[in-house]
Amino acid sequence: MFTYVFEIWQFQIIGAFLTGQAMPFKEPAKGQNRTGALLLYLTLAIVPAAVFIIGGVKIQNNWKEWRMERCLLDGEDYQVFADCEAERFEILGSDKYFLTEYAYALSRSGNLSASDSVCDFGLATIGNPSFLVLKGDNHVEREEYPQAREYYWRAFLTLPDRLLPLVRMARTYMLESDTVHLEAMKRFVRTFSTHVETESGKRLRDELEAMGSEP
């Protein structure tokens with residue numbers, strides 16, 4: 001619920017201000033030290049504010065650096081990108097896009113076990129089906145096709161309007177030279193209607209139809 005709010009430093013400053021304003025403060029009774037009471041009030045207001053602001057600045061700086069380093073993915077420098085983002089995992093680990101890109105870079109650089117760990121963390125904390133697809137891809141890299149299909153099918157059941165898991169499943173049949181199941185998947189996708197047809201969906205359908213037809 002609060003993940004997005006805690007990632008935006010402007011919201012953190014507002015939260016710190018509201019926290020300080022919400023702190024109870026009573027006029028000291030006659031004879032009590034007004035200065036001590038005021039210092040206590042200021043401490044209770046300033047400490048939470050400092051924690052919010054320092055944390056917000058740290059998150060914002062790491063977010064900017066991650067965005068700048070995403071060009072490494074375009075250049076297919078997967079190992080370099082993974083090394084750069086390893087130190088940001090503890091800070092940006094609540095961001096779905098960061099975790100997805102980090103897990104993908106680890107997989108493409110050959111660190112399949114580390115990629116699986118990031119995917120498991122993303123599934124436990126965020127639950128996005130993209131991590132299921134990534135874990136399926138990792139099993140394909142290991143040539144563990146039945147396990148890959150389990151993850152692809154789970155991803156499809158989570159978001160049954162998406163074609164990507166179905167096409168990935170079909171690819172495992174092609175890699176196993178299982179033409180019976182491959183043709184069955186093609187027939188299923190031909191009759192499968194998504195709620196919204198997109199260009200990416202059309203490309204996926206074309207990719208599926210081309211499977212098994214290469215010499």
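**Helix H10**

I started with helix H10, residues 145–158, in this predicted model. H10 has 14 residues. I took its span from first C-alpha to last and got 20 Å, close to the 20 Å expected at 1.5 Å a residue.

Next I asked which residues of H10 are buried. They are Tyr 145, Ala 148, Arg 149, Tyr 151, Tyr 152, Ala 155 and Phe 156. I then looked down the axis of H10: its buried residues fall within an arc of 165°, so they line one face of the helix. An α-helix has 3.6 residues a turn, so residues three or four places apart point the same way. On the face of H10 turned away from the buried side I found the exposed residues Glu 150 and Leu 157.

What covers the buried residues of H10? I noted three helices among the cover: H9 (130–141), H11 (164–175) and H12 (179–191).

**Helix H11**

I moved on to H11, which has 12 residues. H11 reaches 17 Å from its first C-alpha to its last, close to the 16 Å expected at 1.5 Å a residue. I listed its buried residues as Pro 165, Leu 166, Val 167, Met 169, Ala 170, Thr 172 and Tyr 173. The cover over them includes H9, H10, H12 and H13. After H11 comes Ser 177, and I noted its positive phi, near 60°.

**Nonpolar cores**

I looked up the largest nonpolar core and found 22 residues in it. Leu 166, Met 185 and Leu 208 have the most contacts inside this core. The elements giving two or more residues to the core are H9, H10, H11, H12 and helix H13 (199–210). Which element gives the most? H10 does, with six residues.

I followed up on Leu 166. Leaving aside neighbours within four places in sequence, Leu 166 is in contact with Trp 153, Phe 156, Met 185, Phe 188, Val 189 and Phe 192. Apart from the largest core lies another, of 19 residues. Among its members I wrote down Phe 81, Phe 98, Leu 106 and Val 118.

**Aromatic pairs**

How many aromatic pairs does the structure hold? I found nine. I looked into two of them.

Tyr 78 and Tyr 104 form an edge-to-face pair, at 5.8 Å centre to centre and with 90° between the planes. This pair links distant parts of the chain. Tyr 78 lies in helix H5 (residues 78–86) and Tyr 104 in helix H7 (residues 96–108), 26 residues apart. I checked whether each ring is buried or exposed. Tyr 78 has 12% relative accessibility, so it counts as buried, the cut-off being under 20%. Tyr 104 is partly exposed, with a relative accessible area of 35%.

Then I took Phe 156 and Phe 188. Their ring centres are 6.4 Å apart and their planes stand at 80°, so I logged the pair as edge-to-face. Phe 156 lies in H10 and Phe 188 in H12, so the pair ties together parts that are 32 residues apart in sequence. Phe 156 is buried, at a relative accessible area of 6%. Phe 188 counts as partly exposed at 36%. I had already met both residues in the contact list of Leu 166.

I also noted one aromatic cluster, formed by Trp 66, Phe 89, Phe 98, Tyr 102 and Phe 121. Phe 98 had come up before, in the core of 19 residues. Over the face of Trp 66 I found Arg 67, at 5.9 Å from the ring centre.

**Ile 13**

I looked up Ile 13 and placed it in helix H2 (residues 9–22). At 37% relative accessibility, Ile 13 counts as partly exposed. Its C-alpha atom is separated by 6.0 Å from that of Ile 53, which is 40 residues apart from Ile 13 along the chain.

**Whole protein**

Last, I went over the totals. The secondary structure comes to 13 helices and zero strands. Of the 215 residues, 37% count as buried. I then looked at contacts with a separation of 6 or more. Residues 24 or more positions apart account for 51% of those contacts.

Definitions and conventions. Residues are numbered from 1 along each chain as its sequence is written. This is a predicted model: local features need pLDDT of at least 70, side-chain atom pairs count only at pLDDT 80 or more; totals for chains, interfaces and linings use all residues. Side-chain values use heavy atoms; hydrogens and water are left out. Helices (H or I, at least four residues) and strands (E, at least two) are DSSP runs, numbered from the N terminus. The expected span of a helix is 1.5 Å times one less than its number of residues. Buried means under 20% relative accessible area, exposed over 50%, partly exposed in between (1.4 Å probe, protein chains only). The arc is that of the directions from the helix axis to the C-beta atoms. Contact means heavy atoms within 4.5 Å. Rings of Phe, Tyr and Trp (its six-membered ring) pair if their centres lie within 6.5 Å; planes under 30 degrees apart count as stacked, over 60 as edge-to-face and the rest as tilted. A charge sits over a ring if NZ of Lys or CZ of Arg is within 6 Å of the ring centre and within 35 degrees of the ring normal. A nonpolar core is a set of buried Ala, Val, Leu, Ile, Met, Phe, Trp, Tyr and Cys residues joined through side-chain atoms within 4.5 Å.
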